[in-house]
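Work through the exercises below with the model open. Try each task before reading its solution.

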Amino acid sequence: MNRLPDTDQLRIMVYRHSVFYSPLIASIGGGFLKDEGLEATYFQKPPQRNPYEMFRDGEVDIMQAAVSTSWDPLSKGIRDIPVHFAQINQRDGFFITGRPERKSFEWKDLEGSKLLADHAQQPLAMLKYGLHLQGLDLDRIEMIDAGAPEAMEKAFRAGKGDFVHLQGPAPQQIEKDGVGTIFAAMGDAIPPVAFSSLMATRKFLKTPQARAFMRAYHRALRFVIQSPHQEVAGVEASFFPGISIEAIGAAVARYQQLGTWRSDPTITREQYEVAMDVFIFAGVFKERYGYEDVVVSSI
């Protein structure tokens, strides 16, 4: 066996917590890391903390992020940063949920509407790009900034806006509660793209722990792709207190249908360049940054 002789503790920090990141969550909840002799501390990035400082201070081993998070330091000439070594998803993971009384939906219906849109950098850039590809006039959509996803959901439940833009399982729980209907998936609006990935320092990626993590992660990817959605939901349920297992399962099923996860976690150059196209279209960056400065293709 290739297991490590003793249990090692990994500190895994995430920007977002959602069923969208099922491969990472299942690597812990499904026991795949434990099978490799690894334990994990899983936590969300503390507000106002700089993740690169946390890496330098040895507070985190692996971070869930996106290739786009590396472009800001690169734009400032900072090159000594962690690298992306494994893809989590290759589709946008947000859903457009509207009021339940609406009986039909076309993308054009967003024009003239009030949309509670996630205004974080990547979700908003992807939203604008996806709606542009659907032929919409972005100036005709009132994109409301209601704050963090939890605040967006609360505002929609309170009656604000015509539509809301959220990752699963929040839309599935809204639908189960009869407060809204999921009308569209942004994953259908945008081609395969380097959306979310895992980062670590080049030093960490040379360790036995990194290789053990990748063995576990490969198994977790296959599990969330190939297993019945109810089984995946059962493995992840403890990570989503207050959310029904039916809503978790519905989110998993929809992500499976979208082809959100690939069994090969390599971040392809093609999908990296699509992500770069998105951010240039949205006006976030004006120049392109090299694949090799951001991604390692194997560890």
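The exercises cover a helix, two pockets and the nonpolar cores of this predicted model.

**Exercise 1. Is helix α1 mostly covered or mostly open, and which of its residues are buried?**

Solution.
- Step 1: Find the helix. α1 spans residues 22–29.
- Step 2: Apply the cut-off. A residue is buried when its relative accessible area is under 20%.
- Step 3: Count. Of the 8 residues in α1, 6 are buried, so by this cut-off the helix is mostly covered.
- Step 4: Name them. The buried residues are Ser 22, Pro 23, Leu 24, Ile 25, Ala 26 and Ser 27.
- Step 5: Look past the helix. Gly 31 follows α1 and has a positive phi, near 80°.

**Exercise 2. Describe the largest pocket: its volume, its lining and the elements that supply it.**

Solution.
- Step 1: Take the volume. The pocket holds about 880 Å³ of space.
- Step 2: Go to the lining. It is made of 35 residues. Nearest the centre are Tyr 15, Lys 45, Thr 69, Ala 120 and Gln 121.
- Step 3: Assign elements. α3 (51–56), β3 (62–65), α4 (71–75) and α5 (121–133) each give two or more residues to this lining.
- Step 4: Sort by class. The lining of the largest pocket has 16 nonpolar, 12 polar and 7 charged residues.

**Exercise 3. Do the same for the second largest pocket, and find which element gives the largest share of its lining.**

Solution.
- Step 1: Take the volume. About 450 Å³ of space lies in the second largest pocket.
- Step 2: Go to the lining. It counts 20 residues, with His 17, Pro 149, Glu 150, Glu 153 and Ala 170 nearest the centre.
- Step 3: Assign elements. α6 (149–157) and β8 (163–167) supply at least two residues each. The largest share, 3 residues, is from α6.
- Step 4: Sort by class. This lining has 11 nonpolar, 5 polar and 4 charged residues.

**Exercise 4. Which residues touch the most other members of the largest nonpolar core, and which helix gives the most to it?**

Solution.
- Step 1: Start from the general rule. Nonpolar side chains tend to be buried together in soluble globular proteins.
- Step 2: Find the hubs. The largest core has 92 residues; Trp 71, Phe 85, Ile 96, Trp 107 and Phe 213 touch the most other members.
- Step 3: Find the main helix. α9 (residues 208–226) gives the most to this core, with 10 residues.
- Step 4: Follow one hub. Leaving out residues up to four places away in sequence, Phe 213 touches Leu 10, Ile 12, Leu 24, Leu 33, Leu 38, Ile 62, Phe 85 and Leu 198.
- Step 5: Look elsewhere. Another core of 9 residues lies apart from the largest one, and its members include Leu 116, Met 152, Leu 166 and Ile 174.

Methods:
Residues are numbered from 1 along each chain as its sequence is written. This is a predicted model: local features need pLDDT of at least 70, side-chain atom pairs count only at pLDDT 80 or more; totals for chains, interfaces and linings use all residues. Side-chain values use heavy atoms; hydrogens and water are left out. Buried means under 20% relative accessible area, exposed over 50%, partly exposed in between (1.4 Å probe, protein chains only). Helices (H or I, at least four residues) and strands (E, at least two) are DSSP runs, numbered from the N terminus. On a 1 Å grid over the protein atoms alone, a cavity is a set of points where a 1.4 Å probe fits but cannot get out, and a pocket is an open set with protein on both sides within 12 Å along at least five of seven lines; lining residues have an atom within 4 Å of a point. Grid points are joined across faces, edges and corners, and a volume is the space filled by probe spheres set on the points. Ala, Val, Leu, Ile, Met, Phe, Trp, Tyr, Cys and Pro count as nonpolar, Asp, Glu, Lys and Arg as charged, and the others, Gly among them, as polar. A nonpolar core is a set of buried Ala, Val, Leu, Ile, Met, Phe, Trp, Tyr and Cys residues joined through side-chain atoms within 4.5 Å. Contact means heavy atoms within 4.5 Å.
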